[in-house]
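Work through these exercises with the model open beside you. Try each task before you read its solution.

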Amino acid sequence: MADRAALAAFLRARREALQPEDVGLPRGRRRRTGGLRREEVAALCDMSVDYYSRLEQPRGPHPSEQMLTAMARGLRLSLEERDLLFQLAGHALPSRARRGDHVAPGTMRILDRLQDTPAQVMNHLGETLSQTRPAVALLGDQTTYTGLARSSHYRWFTDPATRLIHPESDHAEQSRLMVADLHSAFSREGGDSRVASLVEALNEQSPEFAGLWRQRPVLGPYCASKRFVHPQIGTLELHCQTLIDPDQSQRLVVYTATPGTESHTDLRLLSLLPVL
């Protein structure tokens, strides 16, 4: 059973503990109290202000697991705090796999400071967990997929439209990198894992993947530049810098361009464009 009063108190405490700077928001001159406003938290959690406010009062609906996951991410909760949130809402604790989808608060704080840069957090399956607005403008919203299609690796080998983001001449190398990345994850996770299930599905559905998987490609020591094709801007040559969180099998990927190049100028335009 949910403990509505305790849930409301917990949400208020976490909201009041967060400062605007913690989530990449300006403080502004008219802010009279510390902490975030309810409307700010609602926006971070991608829910209506009314819905969130009723949870804090407490007179709101019983939140679903999806809503709790969104609140945990929006409030920058640790894994332990996320588990407590689920308990207070009357839900079973997230499974080990679901826990791996939770972005660590430290990683989110870094992402909050990259709001003018294409950047996103991904897990070891190639599933995108959070994106900045320029990343959505560059790559599309990759957080809306469900099932196996959540994995960019799966989409690459099963959905031809996914490949339009790169020039055709780069597809073979991109395929090799995708398979090498999954090989690395498979070696860590083993045969009884979500990675193994993804690999099994891809071996069945993609002859290209199956052939590359047998070759056991290995990732290089760094991420070389890649070319991205944007429908409005054109081709951009970008470098992707990666910050890895080994505890949660996640990575923060940041896309940059060499200063002084045309791609550097074009990359700055992404913040001004509507998302794909």
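**Exercise 1. Describe how helix 2 packs against helix 3.**

Step 1. Start with the geometry. Helix 2 and helix 3 pack at an angle of about 115 degrees, and their axes lie 9 Å apart. Axes are lines fitted to C-alpha atoms, for helices over the stretch in contact, and angles run from 0 to 180 degrees between N-to-C directions. Helices (H or I, at least four residues) and strands (E, at least two) are DSSP runs, numbered from the N terminus.

Step 2. Name the arrangement. The angle makes helix 2 roughly perpendicular to helix 3. The cut-offs are these: under 35 degrees is roughly parallel, over 145 roughly antiparallel, 65 to 115 roughly perpendicular, and the rest oblique.

Step 3. Give the hand. Helix 2 passes helix 3 in a right-handed crossing. A crossing is left-handed if the near helix is turned anticlockwise from the far one by less than a right angle, and right-handed if clockwise.

Step 4. List the residues. Arg38, Glu39, Val41 and Ala42 of helix 2 meet Val49, Tyr52, Ser53 and Glu56 of helix 3. Contact means heavy atoms within 4.5 Å.

Step 5. Sort them. The contact of helix 2 with helix 3 has four nonpolar residues, one polar and three charged. Ala, Val, Leu, Ile, Met, Phe, Trp, Tyr, Cys and Pro count as nonpolar, Asp, Glu, Lys and Arg as charged, and the others, Gly among them, as polar.

A note on the source: this is a predicted model, in which local features need pLDDT of at least 70 and side-chain atom pairs count only at pLDDT 80 or more, while totals for chains, interfaces and linings use all residues. Residues are numbered from 1 along each chain as its sequence is written, and side-chain values use heavy atoms, with hydrogens and water left out.

**Exercise 2. Do the same for helix 1 (residues 4-17) and helix 5.**

Step 1. The packing angle of helix 1 and helix 5 is about 150 degrees, with axes 9 Å apart. That makes helix 1 roughly antiparallel to helix 5.

Step 2. Helix 1 crosses helix 5 in a left-handed way.

Step 3. Helix 1 brings Ala6, Leu7, Phe10, Leu11 and Arg14 to the contact, and helix 5 brings Glu81, Leu84, Leu85 and Leu88.

Step 4. Sorted by type, the contact of helix 1 with helix 5 has seven nonpolar residues, no polar and two charged.

**Exercise 3. Now take helix 11 (residues 194-205) and helix 12 (residues 207-215).**

Step 1. Helix 11 and helix 12 pack at about 120 degrees, and their axes are 5 Å apart. That makes helix 11 oblique to helix 12.

Step 2. The crossing of helix 11 and helix 12 is left-handed.

Step 3. Val199, Leu202, Asn203 and Gln205 of helix 11 touch Pro207, Phe209, Ala210 and Trp213 of helix 12.

Step 4. In the contact of helix 11 with helix 12, six residues are nonpolar, two polar and none charged.

**Exercise 4. What is unusual about the backbone at Asp46, Arg76 and the bond between Gln57 and Pro58?**

Step 1. Recall the background. Most residues other than glycine have a negative phi, and most peptide bonds are trans.

Step 2. Look at Asp46. Its phi is positive, about 60 degrees, although Asp46 is not a glycine. Asp46 lies in the loop between helix 2 (38-45) and helix 3. With 73% relative accessibility, Asp46 counts as exposed. Buried means under 20% relative accessible area, exposed over 50%, and partly exposed in between (1.4 Å probe, protein chains only).

Step 3. Look at Arg76. Arg76 also has a positive phi, of about 55 degrees, and is not a glycine. Arg76 sits in the loop between helix 4 and helix 5 (79-88). Arg76 is buried, at 8% relative accessible area.

Step 4. Look at the bond. Gln57 and Pro58 are joined by a cis peptide bond, with omega about -10 degrees. Pro58 is in the loop between helix 3 (49-56) and helix 4 (65-74).

**Exercise 5. Is Ser152 buried or exposed, and which residues does Ser152 touch?**

Step 1. Ser152 is found in helix 9 (residues 152-158). At 11% relative accessibility, Ser152 counts as buried.

Step 2. Leaving out residues up to four places away in sequence, Ser152 touches Met122, Leu125, Gly126 and Met178.

Step 3. Take Met122. Ser152 and Met122 are 30 residues apart in sequence and 9.6 Å apart in space, C-alpha to C-alpha.
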